[in-house]
Amino acid sequence: MKFPVNHDIHCHTRLSLCSQDPGMTPESILRFAQDKGYDCLCLTDHFWDEDLPDPNEFYAAQGLDHVRQSLPLPATDKLRFLFGCETEYCGGSRLALSPRHYDRFDFIVVPLNHFHMSGLTRDPSIRTAPALAELLLTRLEELTRLDLPFEKVGLAHLNCSLVFRDGDWHQVMRLLDETRLRRCFAFYAKAGAGIELNASCFAPGWTDFEEENLRVFRLAKEEGCRFYCGSDAHHPQALPTVQEWLPLVAEKLGLRAQDRYQIPER
Ligand SMILES: [Zn+2]
Ligand SMILES: [Zn+2]
């Protein structure tokens with residue numbers, strides 16, 4: 001059976017400061033998902049727990065009360081409609097989600113490569129491809145040591161260009177050490193975490209750098225990880241990109257139905 005490209009479990013409502021699009025409400029996103037016949041939808045607005053110190057301005061305004069304005073989610077019997085977040089990870093134990101709030105979310109998207117936020121997620125002195133590759137690998141390793149509910153954690157956009165916005169991000173992807181990547185993915189597979197196919201990272205043209213884009217996912221698959229789709233939409237026009245762009249990715253990776261990650265039932 002083919003890998004089902006019929007869900008979107010990483011998308012942003014107007015509550016995310018980088019959206020603020022009045023067209024992105026829980027109701028409108030749900031309507032889209034129902035029209036497309038999706039079987040699962042999850043809202044994942046940017047989130048920084050107010051329990052944790054030192055957010056930047058962007059995150060200070062995106063605490064628990066802020067993202068919970070989407071609740072209660074509109075009722076539907078057509079699909080699973082869930083509430084999650086995209087938190088932040090700054091290395092070590094610095095995950096922007098306090099353990100006491102894990103159960104507030106059905107799903108926790110963790111980005112490991114938001115390295116454009118110099119000074120928050122990355123020391124400003126780390127700014128060459130080899131150093132950024134080392135940093136991304138270190139983050140992948142460090143996260144495994146946290147006491148997280150991994151079965152409801154998704155690793156966001158591993159092939160995102162934000163890993164090196166000011167340089168050759170493809171070079172970073174080439175430099176990631178295979179042995180260390182495999183060890184991490186073996187852990188995430190066993191722990192039950194999901195690996196994200198983020199449509200915004202697979203806009204037409206990505207096949208010019210096919211190996212750089214797919215390498216991490218091929219290794220993740222070989223180590224037994226499961227995968228999910230996310231539009232990462234901040235605006236309505238990005239919602240269809242899941243079905244426009246991700247079938248090709250799933251095909252090139254040879255994903256099957258059994259390779260799909262699903263958010264656990266509560
Ligand atoms: Zn992100
Ligand atoms: Zn996002």
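**A walk through two kinked helices and their surroundings**

Let us start inside the fold: the cover over the buried residues of helix α8 includes the strands β1 (7-11), β6 (194-198) and β7 (226-230). Helices (H or I, at least four residues) and strands (E, at least two) are DSSP runs numbered from the N terminus. You are looking at a predicted model, in which local features need pLDDT of at least 70, side-chain atom pairs count only at pLDDT 80 or more, and totals for chains, interfaces and linings use all residues. Residues are numbered from 1 along each chain as its sequence is written, while chains are lettered from A and ligands numbered from 1 in the order in which they are written.

Which residues of α8 are buried? They are T241, V242, W245, L246, V249 and A250. Buried here means that 20 or more other C-beta atoms, placed from the backbone, lie within 10 Å of a residue's own; 12 or fewer makes it exposed, and anything in between partly exposed. Helix α8 runs over residues 241-253, and its 13 residues reach 18 Å from first C-alpha to last, close to the 18 Å expected. That expectation is 1.5 Å times one less than the number of residues. The helix has a kink of about 30° centred on P247, where a bend is the angle between axes fitted to the seven residues ending at a position and the seven starting there. After α8 comes G254, with a positive phi near 65°.

Helix α7 (residues 210-222) makes a good companion to look at next. It has 13 residues and reaches 17 Å, close to the 18 Å expected, and it bends by about 30° at V216. V216 is also one of the buried residues of α7, together with N213, F217, A220 and K221. Their cover includes α5 (169-175), α6 (178-191), β6 and α8; contact means that the C-beta atoms of two residues, placed from the backbone, lie within 7 Å. Just after α7, G224 takes a positive phi of about 95°.

Helix α6 also leads us to another partner. The axes of α4 (residues 129-144) and α6 come within 10 Å and cross at roughly 30°. These axes are lines fitted to C-alpha atoms over the stretch in contact, with angles from 0 to 180 degrees between N-to-C directions. The two helices α4 and α6 are therefore roughly parallel, a label for angles under 35 degrees. Their crossing is left-handed, so the near helix is turned anticlockwise from the far one by less than a right angle. Where they meet, L137, L140, E141 and T144 of α4 face R180, C184 and F187 of α6.

Now for the loops. Most residues other than glycine have a negative phi, and most peptide bonds are trans. The bond from L71 to P72, however, is cis, with omega near -5°, and P72 sits in the loop between α3 (64-67) and β3 (80-86). D232, in the loop between β7 and α8, has a positive phi near 55° and is buried, with 23 other C-beta atoms within 10 Å.

Finally, visit the loop between β1 and α1 (26-35), home to Q20. Its phi is positive, about 55°, although Q20 is not a glycine, and with 13 C-beta neighbours inside 10 Å Q20 counts as partly exposed. R14 lies in the loop between β1 and α1 as well, but it counts as buried, with 20 such neighbours inside 10 Å. Leaving aside residues up to four places away in sequence, R14 touches S19, Q20, D21, P22, M24 and T25. The C-alpha atoms of R14 and M24 are separated by 5.1 Å, though the two residues are 10 apart along the chain.

Note on methods. Parallel < 35°, antiparallel > 145°, perpendicular 65-115°, else oblique.
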